[in-house]
Amino acid sequence: MKGKKRGADFSVCLKILLAAFFVVSVLLPLIAMLVNMGSTDVMKIVGGAKFQKACLNSVKVGAVTTLISVPLAYFLAWSVTRTAMPCKGLFMILFALPMMIPSISQGTGLILLFGANGLLTRLLHLQGNIYGFHGIVIGETMYVAPVLFLMFSDVLTYEDYVPYEAAQVLGIPRLRRFTSITLPFLWKPLISAVFTAFSLTVTDYGVPLTIGGKLKTLPVLMYEDVIGLLDFGKGSVIGAVLLIPAVIAFLVDLLTREQSKSAFVSKAFEQKKDRGSLALATAGCTVFGVFVFLPIAMFCALMVMKNYPIDLSLTTDNITKTFTMSGGEYLRNSLVIALATGLLGALIGFLTAYCSARMSSVTSRLLHLLSITTMAIPGLVLGLSYVLFYKSTFMYGTLAILILVNMMHFFASPYLMFYNVLGKLNENLEAVGLTLGVSRARIVRDVIWPQCIGTFLEVFAYFFVNAMITISAVSFLANSVTRPIALLIPQYEAQSFLECSAFVSILILVSNLLVKGGVYLLRRFLSRREIV
């Protein structure tokens with residue numbers, strides 16, 4: 001009985017400790033940002049022409065990008081999951097590449113391809129201007145569509161073919177099948193995808209910062225006011241406005257999440273092999289894959305050019321120059337931040353998910369709510385809130401605060417991955433163990449943890465990749481000593497060192513590919529050991 005009581009006391013203490021951690025690292029900084037608005041004339045800022053124009057620009061860019069990226073992502077997902085298209089593995093790798101480089105690199109790549117001196121502009125003698133609204137929409141589509149592709153791929157993989165088969169036998173027309181079966185199944189995921197696309201676009205500042213030209217969006221305005229003018233009051237007001245689409249997207253995702261958990265497939269779809277479907281799928285995926293790959297190919301070429309577009313001779317001077325200008329130190333910072341974020345984030349994610357999924361109580365429900373709340377806070381907003389809350393503490397200006405802000409910025413999705421896995425395990429494991437005199441810790445070590453190793457590795461890779469590419473959450477917190485390498489991209493572009501900027505993008509991409517590849521190989525090795 002004493003052992004059982006000590007175990008219960010430890011569980012309560014762990015949940016309270018984790019809840020306090022989330023309060024300090026999420027809620028209090030956010031409250032500090034909102035309180036900071038008290039000393040600011042909110043109505044003057046909101047009523048200003050500059051703010052209203054930036055707000056309108058953000059809404060326009062978000063709406064158009066959503067209208068393009070949602071059907072595009074669905075088509076790509078349909079092509080991969082529903083047709084016998086060749087080279088699916090290659091296409092999936094290509095579609096994942098934009099998620100492994102900073103969003104600001106998308107804008108840079110478009111400039112190098114379609115700018116005034118862009119490669120394709122010169123080769124094809126193209127007319128027009130890539131800067132401004134159209135450039136932002138194209139860049140954001142390249143940034144958002146791969147994320148939506150993963151969402152739709154997961155949904156389509158778990159759609160059951162039996163209702164369609166029955167409808168076909170009954171002679172129900174295709175249009176009626178679509179409206180009666182397909183639309184009800186896709187309705188909630190589609191709404192979630194729409195709000196996700198809009199929120200990601202409206203809160204991103206990487207693409208508009210590089211290719212927006214004179215067109216300013218709210219995140220760019222916030223970045224300029226905080227970084228350039230140190231106007232934290234105005235930044236707080238813009239941050240509060242940016243919370244609105246993110247919170248709505250979060251609530252929609254929360255309401256629609258249950259569908260994917262309850263999906264049951266009794267018969268999978270047969271992959272289409274007719275020439276029309278294969279030709280359409282292959283052509284569409286090839287076009288998008290080439291469009292995604294071209295900026296990366298351009299980065300690889302540019303980083304070894306002497307001075308594009310004046311001198312195209314090959315050289316390694318750009319690589320040397322990057323490391324001479326502290327590129328090596330900043331790469332080391334990024335690797336330390338990403339590794340620490342991955343390991344600590346995965347560990348805390350597992351502990352939090354275990355407490356909330358397998359220890360039912362009021363504290364557990366509160367812990368679950370705090371964990372998923374981070375999904376509703378854009379990186380720029382979280383970064384500014386950390387500045388206002390931590391600026392007088394010992395953590396400010398250290399790598400520790402960058403690790404913490406990255407961990408909280410990307411925490412919700414990894415936490416839910418653990419939560420779903422732990423929720424599927426037999427709920428009576430711990431109770432049976434205590435009856436047999438086996439401690440909870442031993443049950444976790446010998447039974448539960450082995451079931452979560454694969455998820456732990458995936459979560460680590462998720463944290464690592466996102467910590468390497470993010471510039472939003474760390475822009476306000478990094479200094480000349482702690483700066484991660486992704487922040488060198490806007491710095492080099494401002495100094496017209498495009499070749500060095502391209503090299504930095506490739507460094508980040510290679511680092512992320514190595515980690516993702518290593519995790520994939522390790523998971524295969526562990527799965528083979530289990531089979532043996």
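Buried means under 20% relative accessible area, exposed over 50%, and partly exposed in between. Keep these cut-offs at hand for the exercises below, which work through a predicted model.

**Exercise 1. A salt bridge between two helices**

Find which residue forms a salt bridge with arginine 523, and work out how exposed the two partners are.

*Solution.* Start with the side chain of arginine 523: its partner is glutamate 458, and the closest N and O atoms are 3.2 Å apart. Next, place both residues along the chain. Arginine 523 belongs to helix 24 (residues 498-531) and glutamate 458 to helix 22 (residues 440-469), so the pair links distant parts of the chain, 65 residues apart. Finally, apply the cut-offs. Arginine 523 has a relative accessible area of 35%, which makes it partly exposed. Glutamate 458, at 25%, is partly exposed too.

**Exercise 2. Two more pairs**

A search of the whole structure finds 6 salt bridges. Decide whether aspartate 225 and lysine 234 are buried or exposed, then do likewise for aspartate 317 and lysine 306.

*Solution.* Take aspartate 225 and lysine 234, whose closest N and O atoms are 3.6 Å apart in their salt bridge. Aspartate 225 has 2% relative accessibility and therefore counts as buried. Lysine 234, at 18%, is also under the 20% cut-off, so lysine 234 counts as buried.

Now turn to aspartate 317 and lysine 306, which form a salt bridge with a closest N and O distance of 3.4 Å. Aspartate 317 lies in helix 15 (residues 317-324) and lysine 306 in strand 1 (residues 305-307), so this salt bridge ties together parts that are 11 residues apart in sequence. Aspartate 317 is partly exposed at 42%, and lysine 306 is partly exposed at 41%.

To round off the topic, look at Arg442, Arg445 and Asp446: a network of salt bridges links them.

**Exercise 3. Cysteines without partners**

Explain why cysteine 13 is not in a disulfide.

*Solution.* Recall first that a disulfide is a covalent bond between the sulfur atoms of two cysteines. The cut-off for such a pair of sulfur atoms is 2.5 Å. For cysteine 13, the closest cysteine sulfur is that of cysteine 355, and because it is 11 Å away, it is too far for a bond. Cysteine 87 is likewise in no disulfide, with the sulfur of cysteine 285, its nearest, 11 Å away. The search of the whole structure agrees, with 0 disulfides found. As for the surroundings, cysteine 13 is exposed at 52%, while cysteine 87 is partly exposed at 48%.

**Exercise 4. Two helices crossing**

Describe how helix 5 and helix 14 are arranged, and what kinds of residues make up their contact.

*Solution.* Begin with the axes of helix 5 (residues 103-114) and helix 14 (residues 275-302): they come within 9 Å and cross at roughly 80°. That angle makes helix 5 roughly perpendicular to helix 14. Then list the contacts. Helix 5 contributes residues including Leu110, Leu113 and Phe114, and helix 14 residues including Phe291, Met298 and Phe299. Sorting the residues of this contact gives 10 nonpolar, 3 polar and no charged.

**Exercise 5. Around leucine 242**

Establish where leucine 242 sits and which residues it touches.

*Solution.* Leucine 242 is part of helix 12 (residues 232-256). With a relative accessible area of 1%, leucine 242 is buried. Leaving aside residues up to four places away in sequence, leucine 242 touches Val202, Thr203, Leu218, Pro219, Met222, Pro378 and Val381. Check one of these: valine 202 is 40 residues from leucine 242 in sequence, yet their C-alpha atoms are 7.6 Å apart in space.

How values were computed:
Residues are numbered from 1 along each chain as its sequence is written. This is a predicted model: local features need pLDDT of at least 70, side-chain atom pairs count only at pLDDT 80 or more; totals for chains, interfaces and linings use all residues. Side-chain values use heavy atoms; hydrogens and water are left out. Buried means under 20% relative accessible area, exposed over 50%, partly exposed in between (1.4 Å probe, protein chains only). Helices (H or I, at least four residues) and strands (E, at least two) are DSSP runs, numbered from the N terminus. Contact means heavy atoms within 4.5 Å. Axes are lines fitted to C-alpha atoms, for helices over the stretch in contact, and angles run from 0 to 180 degrees between N-to-C directions. Angles under 35 degrees count as roughly parallel, over 145 as roughly antiparallel, 65 to 115 as roughly perpendicular and the rest as oblique. Ala, Val, Leu, Ile, Met, Phe, Trp, Tyr, Cys and Pro count as nonpolar, Asp, Glu, Lys and Arg as charged, and the others, Gly among them, as polar. A salt bridge is a side-chain nitrogen of Lys or Arg within 4 Å of a carboxyl oxygen of Asp or Glu.
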